[in-house]
Amino acid sequence: AVNLEGPPFGCLLAAPRDRALKVHSGPTHAPRMLRPPRTMLPIRRGLATMLGLEVFESSSASLFGGEKKLSVRDFALPSEYANRNVVLLARPSNAPLPDALPAGAGGFSVLGVVQLSGGTAPYENRQAFESDVSRHQVPPGSEVYRKYAGESGGAWPGPLGDVYAWSIDSAEPKPEWHARFQGGATPAITRRHKSFFTVEMPSGADGLGAATVASTITYPAKPPAGRHSGRLMEPSIWPRIAPIWPSSTHFPHPVDSLHEEDDTRLVDVEDGRTCAEPPTLDSHGFELCRSPCVATDLDDAAQLEAYLAQTARLVQRATRADLVVPFHHVRIETARDRFGKRGGAVERVHGDYTAASGPQMLQELGECGVLPPRARTMRRGAILNVWRNVSSEAVRSKPLALCHVGSVAPDDVGVYYLVEGGEGRAERRMGMNLSLHYSPAHRWSYFPRMTRDEALVFYTYDGRADEPRFTFHAAFDPLPDTAPDAPPRVAMIVRCAALFE
């Protein structure tokens, strides 16, 4: 509180990061919610962590000009470092960087941000090997160097098996945050695994999608007494979504008891690509997987069948389930469909199943023969969604935000009914979503600019013995990152039953 030369006096409450500010301009005026222009308040946002990789400066000049090979290494690219934004830390000499450097210490420069994939390939001839040595791609003393140049007495030993070769899937040179960070100074770095470092920089400062964005998330409001959260679904939409839920459930209340009201909140949404520890199914309830799409035309029956088989394998690898069976798929185009109130993307926070409808759905899948008989004796069942962008362009509007399962308390959870619409129906089928009511404890993540080669896997029902888990999710628009000319989002969602012995 500041006394501005006597009454009336007021105070400014500055929230961390980019949350809204409450301004009380006098003792007789009601507080107002303001979202100030970003250029007005030079508030320092919290530090965000990214993954960094040290490279030799002269060997990396061509990496942002189309060359795909990053380096030959003496260790495999760790799987958890693939498909993530990685900052290239260029050192001027062949000497390695220290294990830790504070912000502004120098000793290296930042070339840009890349995403990597790993593989193996042998050297077929001496010329290729010596070319990489001259460009400092092969560190002297490394296993690769010793294998091809060590004890051979000058004779070319021939291909001696595969060596680790990393390649670049995408590259963004000299991102905007490099110039902004402390006037162009270097960020703080700490070695975490061989050539990889943890890089600390102000959150929201990278050019590929902020480490944290402030955005609005639409929660469902709690209904008044005697009312039930939910809405009638258009008759034209119902057949496309009805197979998601058990067919034997009908809405047990009068239709006019349905109540829908939005509770829109300004929240921080983390960029899952920039987290030092990436979200996983076990830790967060969701995980981003690199999985190049096997289909080019999902309207073709044979390609769709191959894609569903690919999705089942992906879920089996991610969950270590003993049996995975896709049972529902739907393609959603935001410019065409009306699954949500404002278009194809559902912007209301929801979970697809409840503690009752999840196991009921698995039981019904067994009874109708979708699941084999042995599924009935398995100890644990789960339902997962696999969400993939199937457009040729990266997602630039309505990405999916997901709430960390560990940040949800039981008192935050309710039920939301999606009820079959149409006139003159004595009984109306329904689907039961879980609804999530706002709490400041909720933590949200998203993965900006998803491509066809990525898949987001998350639990919509996880029947663990200790406590069932559900991943709440919603489409949203990252503020102010969504461009007005962003193309419509086109996504394929596959629901899979996963069972464990």
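How do the residues of the lining of the second largest pocket divide into nonpolar, polar and charged? In this predicted model, that lining comprises 9 nonpolar, 4 polar and 8 charged residues, and the legends below take up the pocket, the sheet that contributes to it, and the largest cavity.

**View 1. The second largest pocket and its lining in the predicted model.** The second largest pocket, with a volume of about 520 Å³, is lined by 21 residues, and those nearest its centre are Ser-79, Glu-287, Leu-288, Cys-289 and Arg-290. Two elements, strand 16 and helix 5 (301-319), each give two or more residues to this lining, and strand 16 gives the most, with 4 residues.

**View 2. The open sheet of 5 strands and its edges.** The strands of this open sheet follow the order 16-24-19-26-17, and their pairing is antiparallel. Strand 16 (286-290) and strand 17 (323-333) each have a single partner strand and stand at the edges, so one side of each is left without a neighbour in the sheet. On average, neighbouring strands of the sheet are turned by 25° against each other, direction ignored.

**View 3. Strand 16 and its pairing with strand 24.** Strand 16 runs antiparallel to strand 24 (residues 454-462), and 5 bridges join the two. Within this pairing, Leu-288 stands opposite Leu-456 of strand 24; Leu-288 is also one of the residues that lie nearest the centre of the second largest pocket.

**View 4. Helix 6 lying across strands of the sheet.** Helix 6 (residues 357-367) lies across strand 17, strand 19 (380-389), strand 24 and strand 26 (490-500). Relative to strand 19, helix 6 runs at about 95°.

**View 5. The largest cavity and the residues around it.** The structure holds 5 cavities of 30 Å³ or more, and the largest cavity contains about 360 Å³ of space. Its lining is made up of 26 residues, of which Ile-332, Val-346, His-350, Asp-352 and Arg-495 are the closest to its centre. Strand 13 (228-233), strand 17, strand 19, strand 25 (473-475) and strand 26 are the elements that give two or more residues to this lining, with strand 25 giving the most, namely 3 residues. By class, the lining of the largest cavity has 16 nonpolar, 5 polar and 5 charged residues, whereas the lining of the second largest pocket has 9 nonpolar, 4 polar and 8 charged residues.

Terms used:
Residues are numbered from 1 along each chain as its sequence is written. This is a predicted model: local features need pLDDT of at least 70, side-chain atom pairs count only at pLDDT 80 or more; totals for chains, interfaces and linings use all residues. Side-chain values use heavy atoms; hydrogens and water are left out. Two strands pair if DSSP finds at least two bridges between them. Axes are lines fitted to C-alpha atoms, for helices over the stretch in contact, and angles run from 0 to 180 degrees between N-to-C directions. Contact means heavy atoms within 4.5 Å. On a 1 Å grid over the protein atoms alone, a cavity is a set of points where a 1.4 Å probe fits but cannot get out, and a pocket is an open set with protein on both sides within 12 Å along at least five of seven lines; lining residues have an atom within 4 Å of a point. Grid points are joined across faces, edges and corners, and a volume is the space filled by probe spheres set on the points. Ala, Val, Leu, Ile, Met, Phe, Trp, Tyr, Cys and Pro count as nonpolar, Asp, Glu, Lys and Arg as charged, and the others, Gly among them, as polar.
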